[in-house]
Amino acid sequence: MRRILSIQSHVVSGYVGNRAATFPLQLLGHEVDVMNTVQFSNHTGYNKVRGTRFSDTQLRELFEGLCDNGLDTGYSHLLSGYIGNSGNVRAVEEIARSLRRTNPDLVFVLDPVLGDDGALYVPEELVSLYRDVLCPLADIITPNQFEAEALSGISISSLEDARAVCNKLHSLGVPNVVITSLALPAADAQSEEEKEEEKRDRSGLLYLVGSQQTTHGGEKKTQCFYIAFPRLYGYFTGSGDLFTALVAARHASVSESASDSEKEGAAGVVLAQACELAIATQAGVMRETQLFQQQTGVAVSSDSLRRGNRPSDMVRGFELRIIQSQNLITHPVLEHRAVLF
């Protein structure tokens, strides 16, 4: 059985960070140990938040407790999400190195939580720390568009820009890159079907772009793919945390079942299949969440979605419907397929 140490945020009410990741991972067959970087009453999408941010000293103390009792052995995966400050980045680095000494095959899945919608919500110094310290240790990285651009220094306005960003992140030592959500001009859609779908959906499309790099006989092979999926209108917090957990779980299961030729990544098949399964679940959970919010009768407008203006009853309606979507986690319906480019 696979065993994960998940280091990220925690809330008493709602589904972000470890609260969004733990149950899906357990449902998909993982033992999950959690280490919280914050303990908040609720996520920061609400207008008021109470709670505590944990220091690197506290994270180190928790890990030392695991080591003292021999509980640091047997981890197959390390998953990190919101870390929040430079000291905690260094603590996660130490934990990753320690776990990899115990298990050289440890898979480190890194969600570089830096910001979104054009703005950082962590200190700026974390950008270089993620790029120079954690990325070289990671096996899989799952930035959103803003985070990918910040880490690479490259703006993304096309699929070819996304490929350049993936190559830049590969050069840092990350073999598997997943840019989780890209807003691209309609003209960059690669098929007539996607163009027609975008015309039908007033919210347009988002793109996931993945890239898998493998090395065999000293030769590096890289395969990029994208998955187009409909953008849903609303305020969804924790969807990135859920998605990264799903990628970790699905990448593990697909890797175990893949043939040797597939594991060589000639067609990017392992990462692409993992992302297809992950996006199927995430899209389903978000649709269920959107439907539930609509049933609450609380109006949603562009003004109410702005930070500082979000009514708590609206935000509460958008809490991810993870528990209610168990079948979508275990038996996702594949609607959006990977396309190589």
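This report covers strands, aromatic contacts and salt bridges in a predicted model.

**Strand β1 and its neighbours**

Strand β1 spans residues 3-11 and is mostly covered, with nine of its nine residues buried. It pairs with strand β2 (residues 31-40) in the parallel sense, over eight bridges. Within this pairing, Gln 8 faces Asn 36 of β2. Between β1 and β2 the chain passes through helix α1 (residues 17-27), and this β-α-β crossover is right-handed. β1 also runs parallel to strand β4 (residues 77-80), joined to it by four bridges. There, Ile 4 stands opposite His 77 in β4.

**Aromatic contacts**

The whole structure holds three aromatic pairs. Take Tyr 226 and Phe 341: their ring centres are 5.9 Å apart and their planes lie at 55°, so the pair is tilted. This pair links distant parts of the chain. Tyr 226 belongs to strand β11 (residues 219-230), while Phe 341 sits in the segment after β12 (339-340), 115 residues apart. Tyr 226 has 2% relative accessibility and counts as buried. Tyr 207 joins Tyr 226 and Phe 341 in one aromatic cluster.

Arginines also lie over rings. Arg 3 is over the face of Tyr 75, at 3.9 Å from the ring centre. Arg 321 is over the face of Phe 292, at 3.7 Å from the ring centre.

**Salt bridges**

The count comes to eleven salt bridges. The table gives three of them.

| Residue | Partner | N to O distance |
|---|---|---|
| Arg 2 | Glu 256 | 3.0 Å |
| Arg 97 | Glu 93 | 3.2 Å |
| Arg 100 | Asp 139 | 2.7 Å |

Which parts does the salt bridge of Arg 2 and Glu 256 tie together? Arg 2 lies in the segment before β1 and Glu 256 in helix α8 (residues 239-257), so the pair ties together parts that are 254 residues apart in sequence. Arg 2 is buried at 16% relative accessibility. Glu 256 is exposed at 54%.

Arg 97 and Glu 93 both lie in helix α3 (residues 86-102). They are four residues apart, which means a separation of about one helical turn. Arg 97 is partly exposed, at 41% relative accessibility, whereas Glu 93 is buried at 13%.

Arg 100 is in helix α3 and Asp 139 in the loop between α4 (125-134) and β8 (140-141), so their pair ties together parts 39 residues apart in sequence. Arg 100 counts as partly exposed at 24% relative accessibility. Asp 139 is partly exposed too, with a relative accessible area of 21%. Elsewhere, Asp 56, Arg 60 and Glu 94 are joined into one network by salt bridges that share partners.

Note on methods:
Residues are numbered from 1 along each chain as its sequence is written. This is a predicted model: local features need pLDDT of at least 70, side-chain atom pairs count only at pLDDT 80 or more; totals for chains, interfaces and linings use all residues. Side-chain values use heavy atoms; hydrogens and water are left out. Buried means under 20% relative accessible area, exposed over 50%, partly exposed in between (1.4 Å probe, protein chains only). Helices (H or I, at least four residues) and strands (E, at least two) are DSSP runs, numbered from the N terminus. Two strands pair if DSSP finds at least two bridges between them. A crossover is right-handed if, with the strands pointing away from the viewer, the path from the first strand over the helix to the second runs clockwise. Rings of Phe, Tyr and Trp (its six-membered ring) pair if their centres lie within 6.5 Å; planes under 30 degrees apart count as stacked, over 60 as edge-to-face and the rest as tilted. A charge sits over a ring if NZ of Lys or CZ of Arg is within 6 Å of the ring centre and within 35 degrees of the ring normal. A salt bridge is a side-chain nitrogen of Lys or Arg within 4 Å of a carboxyl oxygen of Asp or Glu.
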